[in-house]
Structures are given as C-alpha cells and as structure tokens.
Amino acid sequence: MRAARLIKMVLLLQSRPAMTAAELAVELEVSERTVTRDAQALSDAGVPVYAERGRAGGYRLVGGYRTRLTGLARDEAEALFLSGLPAALREMGLEDAASAARLKVSAALMPSLRDASSSAARRFHLDAPSWYHEPETPDLLPAIADAVWDDRLLRVRYRRGGGRDRADAEVARELAPYGLVLKAGVWYLCARAGEDFRVYRIDRFTAAEPAGGRFERDETFDLPGFWEERATAFARSLLRTEVTVRVSEHGARMLAYTGDRAASAAALAEASAPDRDGWRTLTLPVESPDVAYGQLLALGPELEVLAPGALRARFAAAAERLRELYR
C-alpha cells in the first residue's frame, strides 16, 4: 500500500510544478505528517524531492527529473477510455483505476500540455441518466463488470420482466458476458447464452457468481451495432396496434415528443396531404389504446382521434370533462 502511495506521490509532483503538503495529503488521502515522512522516504531512495518553505513553498522535484513509472496497467488503460463517464466508473468500481490512468498520462505529457485534461473537463460533461429519474446502482453491477473485463463466465439468476410470482419468474443461466450498456440511467448486459446473444437488465439479476472459467470472445462481435439492432427491434415490438388520427400543423411537429420518434416520422411520411386548414390524416403505430390515450392526450386540440371508435369515445369524454371544468 505504501509503495503505491509513494509512486502516486512522485507522479503527482512530476505532473505539477509544486504541491503543498495539504494538497498532497488530500490527493493521497493521508495526513500531512505522513506526506512529510513519505517525502523523506523518497529522498532517501534517491528520488530528488525537496521542500520549499514559505507561502509559495511546497514539495517539488528537481527540474528535469522524470520517472519511468508511467506505464499504464491494463485496467487503467481500459478505464481511461471511460473517463468521460465518472458516474459510470463509480458504479462499476473503476474510479480508482481511471484516476491512476489520468495521473500517469498527465505525468507523461509535456509541461505545456498538462492542463489538457482539466481543460477538457471544463468544457464537456456527459450526464447519462434521463431527467426526472433517480438512478440506482444495481448491487451486482461491480461483480458483473469484473466478469466483462476479464472474459469470465457467469452463473446467474435472473428475474424475468412481467412475472407475477417472483419464484416462478426467476431463471438460472450460464452467461458469457460480452459488454455493458448504460441507457438513460439503466444498466444492461449483452451476453451470450448458449449460441444466442441476448440483453439483460442488470437490476433484474438476483445472483451472479463466477462459473469457473473464461470464454473465448468472438472478435467479430460489435457491441454498438448489436445494441442498436436490438434496441430498434425492441422499440418496434412494443408497437402492437394502430390508431388513425388527424393532426394540425403544430400537432404534427409535436407528435414526435409523445411516443416513438421513428414511428411518428414514418407515419407522417405516409400521411395525407394537408387539407385547407393544414390538418393531415395518418395511421400511427402505438403500444396499446391505453398507452395511446395517455400519450396523444398531451396534444390536446391539435389532434383528433378517428379510430378505433372506443379510443375516440374516450377522447370525447375527456374533452367533455375539460369543457365542464373550464365552463
């Protein structure tokens, strides 16, 4: 533990002109007294660390000194590519590896480029979770992430969606975990089960443990392409029925914000020509009449439901209740 801390101290001093004992104590998560002892230990070992007193003082390395301890470990290199996702790194248990990788890169850069990481961080931040959603980190995510990085087989228990009886809904699987996807604050595992690749919500895993071996990764597997294909197919599979509607010009522009954007765009492309008032008639794929009612009601007077009749009657009743409320 101390050896790793001493290496980190050297890298910190190599990446910056000088650091106070207080700054080093914060970075190394130790006391200032420990920083003083560590600096003396480095000096005794031949590392040219010296201290300057006064307000502008601090610990420095003799000018020009360079350590060769900047080689990235494998987990640090992998984590570095995810360094734009700090929340995701924390949830997968990779925050320390990413911090070490960034520090090593900073130490290896020319002095004129050492502010590159902070400069980029001031200009770009990725916030993955959607609005009005309080993300929760699945308890098993770090263990599953470890298996993904190490190509280790997993023995899992998984709770299928929609099952009323939890015991009956759980299934046991042995998976080859290929990749993780974070979609709008929800974590998914893309894994091979037998000969098939499937997608699992990580918060539905009730157990996950190593299955006692590693799997041979199919190097032709394309995680982004696989996810896009499955996500598109999933979205389309939800659209099991159709409704016929008339929309105003404004309603047509707002239609994409009420449901599936691709389905709305395709429906508008096949819609009738605008009438003299600018209204168009179209057939819209929807998940169900109940879902359509909740989504399309948001368009208010900019949309008229023509069919099915039962859904039109619900809209008429809603309009009547609104008329009574605002009379």
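**Exercise 1.** Find the residue of β10 that stands opposite V247, and state how β8 is paired with its neighbours.

*Solution.* Step 1: V247 stands opposite L303 in β10. The model is predicted, with local features needing pLDDT of at least 70 and side-chain atom pairs pLDDT 80 or more, while totals for chains, interfaces and linings use all residues. Residues are numbered from 1 along each chain as its sequence is written, and side-chain values use heavy atoms, leaving out hydrogens and water.

Step 2: β8 and β10 (residues 303-307) run antiparallel and are joined by four bridges. Strands are DSSP runs of E with at least two residues, and helices are runs of H or I with at least four, numbered from the N terminus; two strands pair if DSSP finds at least two bridges between them.

Step 3: β8 (residues 241-247) also pairs with β9 (residues 280-286), in the antiparallel sense, over seven bridges. In β9, T283 stands opposite T244.

**Exercise 2.** Give the strand order of the five-stranded open sheet, then place helices α8 and α10 relative to its strands.

*Solution.* Step 1: The order is β6-β5-β4-β3-β7, and the pairing is antiparallel. β6 (196-201) and β7 (205-214) are the edge strands, each pairing on one side only. On average, neighbouring strands of this sheet are turned by 45° against each other, direction ignored.

Step 2: β3 (residues 152-159) is joined to β7 by six antiparallel bridges. The bridge partner of L154 in β7 is P210.

Step 3: Helix α10 (residues 223-238) packs on the sheet and touches β4, β5 and β6, making about 75° with the direction of β6. Contact means heavy atoms within 4.5 Å; axes are lines fitted to C-alpha atoms, for helices over the stretch in contact, with angles from 0 to 180 degrees between N-to-C directions.

Step 4: Helix α8 (residues 141-150) lies across β3, β4 (170-183), β5 (186-193) and β7, at about 80° to β4.

**Exercise 3.** Which residues make the nonpolar surface patch of about 410 Å², and is L325 buried or exposed?

*Solution.* Step 1: The patch is made by L322, L325 and Y326. Patch residues have over 30% relative accessible area and no salt bridge (a Lys or Arg side-chain nitrogen within 4 Å of an Asp or Glu carboxyl oxygen); nonpolar side chains (Val, Leu, Ile, Met, Phe, Trp, Tyr) are joined within 5 Å, like charges within 9 Å. Areas come from the Shrake-Rupley method with a 1.4 Å probe; for residues, only the protein chains shown count as cover.

Step 2: L325 lies in helix α14 (residues 309-326). L325 counts as exposed because its relative accessibility is 67%, where exposed is over 50%, buried under 20% and partly exposed in between.

Key: Buried < 20%, exposed > 50% of the residue type's maximum accessible area, 1.4 Å probe, protein only.
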